[in-house]
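Here are some notes to go with your first look through this one. They are numbered so you can take them one at a time with the structure open.

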There are 2 protein chains.
Amino acid sequence: MQCLGKSFTLFVIVLFSDLSFSHCGNVLVLPGEYSHWYNMRNIVDELLNRNHSVTVLVSTASPTINFTQQERFQYLVFDVPLKAHEVHSLSEQLVNIWMQYPRPNMVQIGLQIMDVLGKVREMHHIMCDRMLRNETLVSRLTALKFDVLLYDPMIICSDLLANILDLPVVLSLRFSLGFSMERMCGQMPSPPSYVPVPPTEMTDRMCFMERVKNMIVYVVYSFAFRMASMNLDNYYSEVLGKPTTMCETMGKADIWLIRTYWDFEYPRPLLPNFKFVGGLHCKPAKPLPKELEEFVQSSGDHGIVVFSLGSMIGNLTMERANTIASALGQIPQKVVWRYTGKTPETLAPNTKLYDWIPQNDLLGHPKTKAFITHGGTNGLYEAIYHGVPMVGLPLFADQPDNLMHMKTKGAAVVLDINKMQSEDLVDALKTVINNPLYKESIMRLSRIHHDQPMKPLDQAVYWIEFVMRNKGAKHLRVQAHDLSWYQYHCLDVVAFLLSVVALITFLLIKTGCFLFRKCFRKTRPDFKAKKSKKE
Amino acid sequence: MQCLGKSFTLFVIVLFSDLSFSHCGNVLVLPGEYSHWYNMRNIVDELLNRNHSVTVLVSTASPTINFTQQERFQYLVFDVPLKAHEVHSLSEQLVNIWMQYPRPNMVQIGLQIMDVLGKVREMHHIMCDRMLRNETLVSRLTALKFDVLLYDPMIICSDLLANILDLPVVLSLRFSLGFSMERMCGQMPSPPSYVPVPPTEMTDRMCFMERVKNMIVYVVYSFAFRMASMNLDNYYSEVLGKPTTMCETMGKADIWLIRTYWDFEYPRPLLPNFKFVGGLHCKPAKPLPKELEEFVQSSGDHGIVVFSLGSMIGNLTMERANTIASALGQIPQKVVWRYTGKTPETLAPNTKLYDWIPQNDLLGHPKTKAFITHGGTNGLYEAIYHGVPMVGLPLFADQPDNLMHMKTKGAAVVLDINKMQSEDLVDALKTVINNPLYKESIMRLSRIHHDQPMKPLDQAVYWIEFVMRNKGAKHLRVQAHDLSWYQYHCLDVVAFLLSVVALITFLLIKTGCFLFRKCFRKTRPDFKAKKSKKE
């Protein structure tokens, strides 16, 4: 009975017997890697708590998922001629391009990224082939009779598998570059006049030149996405044996779970099948391990600062580490720093280094005064959930943009990790800790986060269950999917109406000329007559 | 504690003490008339159930609201130099224009409507003046210290009162003609390529010529709305003592409660502060009065048909009534007909006339097989809620469009009440009762209606409470409100970019010409030299 979902009232069950979801669902999951998996893992756990059966399909080259581990769900592993460290190395290369200092110009960065993305594409191609053209695997998946496919578009072609298995689809997405997938595959409207195209570090209040920039970036991303997906379109058509496109296949998703909410996002248009479930991984804090709790308590009234640059950044240059450590030594708070690099020489007694920290439990601790973060979405949401103001040290990808959201909402001070001096970090920490406006702002966001009709995790699971109960959610999917781009933008209609106007104008002019000539003819004979008389 | 709302978990209350809404809220309600009030009344009742205090502000000329009646809430009545029957007569005149048969052409109908709307505008003007320029009333309202204003835009200028009292606003709307208010005041995107402009009786699957029609209607409605609101803009500016517009004032609403949902609507874009609460008035059926239950039970296995043309239509011409009554006599079901006109001569023994029927309880009765309806939204939602297929006899306003939604979703057969013959109605009834596809379709809509994360009434009250708790919902309101129409559509940006392109092209051409001329000059002296040599 538990798999009916908490909000599914008894009344409805009694009234509509065919509504009841008599068997627990069977969910196939194709996860992303790194923080994407850590986020989706929460959905998997909740599905299991509600007695659904979950199968996680993963390649032998996953750098994140330890599929040999015993779990409450089953792993289905497919073999790929790649090693986990090779896949991880590609991600590292991408991070390193962003992390270069002094930073090369944008063209150089673009070329470097293009180069790595080429390798990523090749890797995806191998993975997709090994998954989709593996008859044994596909037969086994078919035999398992899943009710829904839940996937992260980080690994492309998952939607192809849904198509082959004829399964309804729920996808989980933070965002795509320039909202390209959301706009071009999901049909989400995104007016460039007030929806800043991510990640551009702009807000929804743009001056004229920012709107010009936004429009240009929007066009460039759209064009780049179209170019990139053209290659995929052929692959998709080949696999499905009929002409199709990547966007068409992806656009069949029943529900788009977007991993943000209006506490973080600038308000913008959405579609009925877009559900915002940001912070679904957030939980109340659990008690800290004894040693850590003692350290935290030793901070007295000053409290502590939590510092982490996320799971992908283990170390910094010694110079940067020393700058940071010396700054941390100048504040009265104790500092819990997740850092696996070499211990900085300037490390002060108030700072302790840890290989791993229970971040959520620390952020939820009443003594926590501030969070120094790289700006990953998972960490930001934990800070919002627990109401902890931030000092942002963004590193790469969407992190500068994420932190810009927090900065404009008054909940963070953002620094450039490559350029900042010790005193900059000290000032920033003192500001977010001592200026009450930062605490007020983050508490406002926290209130918005907590004051939702349904908790994000419950909402995510609700819509997965909905799709299983109803074999999809077609009633939420806009008809725009069946229109071509020129039909969507009414270009054919406008062309037709302009033609009609042109035709009418033409006819009016012709009629006018005709009438004018008639009058002219009437007078001309007289005129001629007069003329001849004169002659 | 009850006024915190059911979904507001204890955890949040403990964690964020300032989140708790310690006092119950104080709600000012400005209702619409007729079915608008019957719908909003459900929200009022639920607010009262949750211990909020409610004041309903109403004029002495309300044709619907009996403000002398003792209620759980208080009425605040303001005097207007009008009589209730005069106000009602205007509504009747509008209905009669739509109901004319044989129907005049659209131009004549348009002129007649314009004439009545002129009188309605005059009436609104008087009401607004008597409400807004009544210092005693405004002082009393100010003293009552409300937390929120809930209003129906059926009576304009309610938003002006919110502005004067400096209150956050929740508005309740079914739709405005051509989505004009939603689009132009609420900033809701509405692409004409797949969002049929209501009430045009088109669906979201439009052929080319329908899209042309949709685009034209969209432009006409936008233009007409702009014209109509220009007059109001002056009034709004005058009352507020600063230049403003009707749309700007209305657009300040924190939450738009839309009285439909995706069981009824074609999926289309929305905004974060648009909440779809269609069918919030629907309830499980209560037992019928004894006499009615006996009549229903006497129908045996054939069951009954429920027939009502709504609260505004009491009688029909005898010819139409006879056509209908004779059709009803030809079906094996018993018929419960809400009809206050003269008893038709052809009335058969299987049909009983009633001045009033408990419509929701009848539609929820297990013996009910079909519903003959004029297509008002409240009735349609009761049919969806209880899963009863429909025969539609649309009369006026949005009813033909409403029923087109049900027809295209396979849950209704629609007839023209003025043209249909007895056999048409018999055929239609037999079809919806005996063809299982109609029952399946309405049950599908019913499942969609019941399978929501939150019941519509709970959602409506949740967001009203949210606005009271947070003194608004600014985080859901798009920045588009601060843009002019040409900024919103990026016309200034496009003009700028085109100018830049034109300038670059111009410079390129000029440079080309310059270089060309340079080459030309180089050759000309030689040429001249050669020429002079020859000479």
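1. Let's begin with residues 493-516 of chain A. The C-alpha atoms at the two ends of this span lie 34 Å apart, and the span is 100% helix and 0% strand. According to the UniProt annotation, from an unreviewed entry, residues 493-516 of chain A carry the label "transmembrane region". Keep in mind throughout that this is a predicted model.

2. How is chain A divided up? The domain assignment gives domain 1 (2-280 + 455-482), domain 2 (290-450) and domain 3 (498-530) for chain A. Note that domain 1 of chain A is written as two stretches, 2-280 and 455-482. Between domain 1 of chain A and domain 2 of chain A, the C-alpha centres are 30 Å apart. Where these two meet, 29 residues of domain 1 of chain A and 25 residues of domain 2 of chain A take part in the contact.

3. Next, have a look at helix α16 (residues 436-450) of chain A. How far should its 15 residues span at 1.5 Å a residue? The expected figure is 21 Å, and the end C-alpha atoms of α16(A) are indeed 21 Å apart, so the two agree. Plenty of this helix is tucked away: the buried residues of α16(A) include Tyr438(A), Ile442(A), Met443(A), Leu445(A) and Ile448(A). Arg447(A), His449(A) and His450(A) are on that buried list too, as are Ser441(A) and Ser446(A).

4. One residue of chain A to click on is Ile255(A), in strand β6 (residues 255-258) of chain A. Is Ile255(A) buried or exposed? Its relative accessibility is 0%, so Ile255(A) counts as buried. Setting aside neighbours within four places in sequence, Ile255(A) touches Val169(A), Val170(A) and Leu171(A), along with Asn273(A) and Lys275(A). Further contacts of Ile255(A) come from Trp463(A), Val467(A), Ala473(A) and Leu476(A). By way of another distance, the C-alpha atoms of Ile255(A) and Leu48(A) are 20 Å apart, with their positions 207 residues apart along the chain.

5. Now for some backbone details in the loop between α7 (180-185) and α8 (208-240) of chain A, where Pro199(A) is found. The peptide bond from Pro198(A) to Pro199(A) is cis, and its omega is near -10°. Chain B has a cis bond as well, joining Pro198(B) and Pro199(B) with omega about -5°. Pro199(B) sits in the loop between α7 (180-185) and α8 (208-240) of chain B.

6. Stay with that loop of chain A a moment, for Gln187(A) is found there, and so is Glu201(A). Gln187(A) is not a glycine, yet its phi is positive, near 70°. Glu201(A) also has a positive phi without being a glycine, at about 60°. How exposed is each? Gln187(A) has a relative accessible area of 12%, which means it is buried. Glu201(A), with a relative accessible area of 40%, is partly exposed.

7. Over in chain B, find the open sheet of seven strands, which pair in parallel in the order β3-β2-β1-β4-β5-β6-β7. Why do β3 (74-78) and β7 (274-276) of chain B each have one side left without a neighbour in the sheet? They stand at the edges and have a single partner strand each, so nothing in the sheet flanks that side. On average, and ignoring direction, neighbouring strands of this sheet are turned by 20° against each other.

8. At the β3 end of that order, strand β2 (residues 53-59) of chain B pairs with β3(B) in the parallel sense over five bridges. Within this pair, Thr55(B) stands opposite Gln74(B) in β3(B). Helix α4 (residues 106-132) of chain B packs on the sheet and touches β1 (26-30), β2 and β3 of chain B. The direction of α4(B) makes about 110° with that of β3(B).

9. Finish with strand β4 (residues 148-151) of chain B, which is covered on both faces. Val148(B) and Leu150(B) are buried on one side, and Leu149(B) and Tyr151(B) are buried on the other. β4(B) pairs with β1(B) in the parallel sense over four bridges, and Leu28(B) stands opposite Leu149(B). Three bridges join β4(B) to strand β5 (residues 169-173) of chain B, again parallel. There, Tyr151(B) stands opposite Leu171(B) in β5(B).

Conventions:
Residues numbered from 1 in each chain as written. Chains lettered and ligands numbered in written order. Predicted model: local features only at pLDDT ≥ 70, side-chain atom pairs only at ≥ 80, totals over all residues. Heavy atoms only, no water. Pairing = 2+ DSSP bridges. Axes fitted to C-alpha atoms, helices over the stretch in contact; angles between N-to-C directions. Contact = heavy atoms within 4.5 Å. Expected span 1.5 Å × (residues − 1). Buried < 20%, exposed > 50% of the residue type's maximum accessible area, 1.4 Å probe, protein only. UniProt positions renumbered as here; feature names shortened; annotations may be inferred. Domains from an automatic or database assignment.
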